[in-house]
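Please open the model in your viewer and keep the sequence panel visible. The tour below proceeds by selection, one stop after another.

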Amino acid sequence: MAMTHNQFDDDQLEHLLNNAPKLSDRRSKEEILNRLLTDARLQDNAHLQGAIQQPIDDEITAQEQQHGNPPQQESTETATKKKVHKWPIFMSVAAVFALTVFTGSTLLNHNDTKIDQANAPETSQYSISPDDHVAKSSINHDKMMESNNIVAEHSRIMSLRSSVYEEDLTDAVVFHIGLANRDKKSVPMTYIIPNERVATDFPKKKPTTLQMYEKYAPQIDEKANGFTNYHPYKGELKEKGDKLVHVLPKKNDYDVASADTKEYLDTLQDTFSDSEYKDVEFENSDGTAYKFSKDEEPSKSMTLTSANHFNYYLYKDENGAEYLSPDTRKTFSTVTEALTVMRNKNDDVYVPVVPENITYSVKEVAEGVIVTFDEPLDLTTMDTVRATQMIEAMMLTAASFEQQIRLDNVVQESWEGFDLKNFLPKPVGANKRYMP
Amino acid sequence: MNDSVFHRLYDAYHQDVFQFLIYLVKNRTLAEDLAHEVYVRVLRSYDQFAGNSSEKTWLFAIAKNVAIDHFRKQAVRQKHSLDFFDWETEQLHSTTPSPEDVLQASDEFMQVQSALEHCTGDQKMVIIMRYFQDLSIAETAQILDWTEAKVKTTQHRAIKFLRQQLQQVREQEAKWQ
């Protein structure tokens, strides 16, 4: 092809591409390793232990060499440098262990640190005074705490888990709410609110679920998240003993068609079923029972505490967001049945999270329910998001029956921080969000 | 010498994997986060590494998956109208590079980087692997789990697209001069 003077040809382009600037990681190997050591997902990882074992072995070798040879100025200096270099790794392991098993303050105690060093073999031959060690341990601990915060934040962002677990609630509470989606279905959402914020918002006493709803539901920007502007409910919600009463306006959107009423009742279930209220009553403003247009008789109360047992499927919003949600609100009488049919596609809204080609059996035991895959299941062969959704949907399904679940015949021993060798934790709620 | 998995992989491939990630996401801090995630996945699944591919291509395949997960989450967060994030057809929009990284690049290379942002995800990935990382067609195919023919076709289309983009920039510049 003929080229004009200024034309950009393939050779020029290839030259540019082949001479791309080298961009390198400016962090040290030790820094990278330290960060890995603080990652809870690698707490018992043998390969990571192997990574820190070698430097310690190097030190022992160095010490042995010194025992065999008369101390020389040069070798002592080398060993000292090596010790200074290796100390943060050692401290990190200690700190990870301490943070996991004890409270951080145990490790922070300087006297303890001194005792540990005094008891540690051969450290006195290094030219670092105990005070230096204390200073270094303090600095390193500060770095560790900072690093832990970064890692915790990173793990939170990077985690593929979508449900809320007890471990998410060390300093926080959950707020359940059913948000109305484009398909007129309720999506159970679980918002995490820090204890401190709740204490500030309710300084005098613990709020009721209705008070929580009145405070926090208006703070959720439903529309920005792809949901219908649905909350707070129109009319008046009030408490009557252990009942919740919804005084409905004469004209309301909840009673236009049967799909609207179902959507409304499902959002109520998702918002208040995990609460102190046993029932919800529907009233007119004059106190008489409200009559839904689909019914012939005035409404009776709807039970909130009766356990509705669902299995969980995937709901994909058109904005790309994905949620785990009960499939068409179909209820099951046994957890075995609910788990067994999770591969079936029942309508166009909810997508099964268990691939069709994955088969399994379900067994109920005293501790919970065990799903055993017929063929060894290698989760790495699946899309990582899909694999995590499948596991969490099964956990949520079991939790709907107040059961914990164990997954057998999985190639991996752990996945996304879930210990697959044991029963998995019961999720507190689906679709984790942080209260804005 | 320490022959643990971490030390061995770090010594052999860390800078390559980091460069791959930073060219994909164009943000140093984010590339550091993703590199950490790569190690987490590598260390957690190393025992399942079957040796069907080289450690290098296995490591890059994990890095690629980590990057795709990041872009997928970003797409969801930014509420793109996607039912499912398809990196093979969607563009992988990364953030602007940090100033110190910009200093290293020539104006022309900056134009290449800018044009890369308009490529599809698979084209961007192939260009980075083939040219910036110097990976062979066979290695690239293995990492992406494609045929070598697909790598060649994608590379050809990417080069054609980049050339057209850069040609347009030149023509625009000529008009102003």
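The stops that follow move from chain B to the place where the chains touch, and then to the strands of chain A. Please bear in mind throughout that this is a predicted model.

**Stop 1: chain B as a whole**

Select chain B and display it as a cartoon. Its secondary structure comprises eight helices and zero strands, so that the pattern along the sequence reads α-α-α-α-α-α-α-α. Chain B has 177 residues, of which 40% count as buried. Consider next the contacts in chain B between residues at least 6 apart in sequence: 70% of them join residues at least 24 apart.

**Stop 2: two helices of chain B**

Select residues 121–132 of chain B, which form helix α6, together with residues 148–176 of chain B, which form helix α8. How do the axes of these two helices cross? They come within 9 Å and cross at roughly 95°. Angles of 65 to 115 degrees count as roughly perpendicular, and α6(B) and α8(B) are therefore roughly perpendicular to each other.

Now show the side chains at this contact. From α6(B), select Asp122(B), Gln123(B), Val126(B), Ile127(B) and Arg130(B). From α8(B), select Val151(B), Thr154(B), Gln155(B), Arg157(B), Ala158(B) and Phe161(B). Coloured by class, the residues of this contact divide into five nonpolar, three polar and three charged.

**Stop 3: where chain A touches chain B**

Display both chains. The contact between them draws 42 residues from chain A and 51 residues from chain B. Which elements of chain A give two or more residues to the side that touches chain B? They are α1 (10–18), α2 (29–37), α3 (46–68), α7 (130–158) and α12 (384–400) of chain A. By class, this side of chain A has 16 nonpolar, 16 polar and ten charged residues. Keep α12(A) in mind, as the helix returns at the last stop.

**Stop 4: a four-stranded sheet in chain A**

Hide chain B and turn to the open sheet of chain A, in which four strands lie in the order β3-β4-β5-β6 with mixed pairing. At the edges stand β3 (236–240) and β6 (302–303) of chain A; each has a single partner strand, so one side of each is left without a neighbour in the sheet.

Select β3(A) and β4(A), which pair in the antiparallel sense over five bridges. Glu236(A) stands opposite Val247(A) in β4(A). The hairpin of these strands has two residues between them, and Gly241(A) takes a positive phi near 65° there.

Add β5(A), residues 279–283, beside β4(A), residues 243–247: these strands run parallel and are joined by five bridges. Val247(A) appears again here, with Glu283(A) as its bridge partner in β5(A).

**Stop 5: a hairpin and a crossover in chain A**

Select residues 360–364 of chain A, strand β10, and residues 369–377 of chain A, strand β11; their pairing is antiparallel, over five bridges. Lys363(A) stands opposite Ile370(A) in β11(A). Four residues lie between the two strands of this hairpin.

Extend the selection to β12(A), residues 405–410, which pairs with β11(A) in the parallel sense over five bridges. Thr372(A) has Asp408(A) as its bridge partner in β12(A). Finally, trace the connection: the chain crosses from β11(A) through α12(A) to β12(A), in a right-handed β-α-β crossover. This α12(A) is one of the elements already met on the side of chain A that touches chain B.

Technical notes. Residues numbered from 1 in each chain as written. Chains lettered and ligands numbered in written order. Predicted model: local features only at pLDDT ≥ 70, side-chain atom pairs only at ≥ 80, totals over all residues. Axes fitted to C-alpha atoms, helices over the stretch in contact; angles between N-to-C directions. Parallel < 35°, antiparallel > 145°, perpendicular 65-115°, else oblique. Contact = placed C-beta atoms within 7 Å. Nonpolar A, V, L, I, M, F, W, Y, C, P; charged D, E, K, R; others polar. Pairing = 2+ DSSP bridges. Right-handed = clockwise from strand over helix to strand, strands pointing away. Buried ≥ 20, exposed ≤ 12 C-beta atoms within 10 Å, placed from the backbone.
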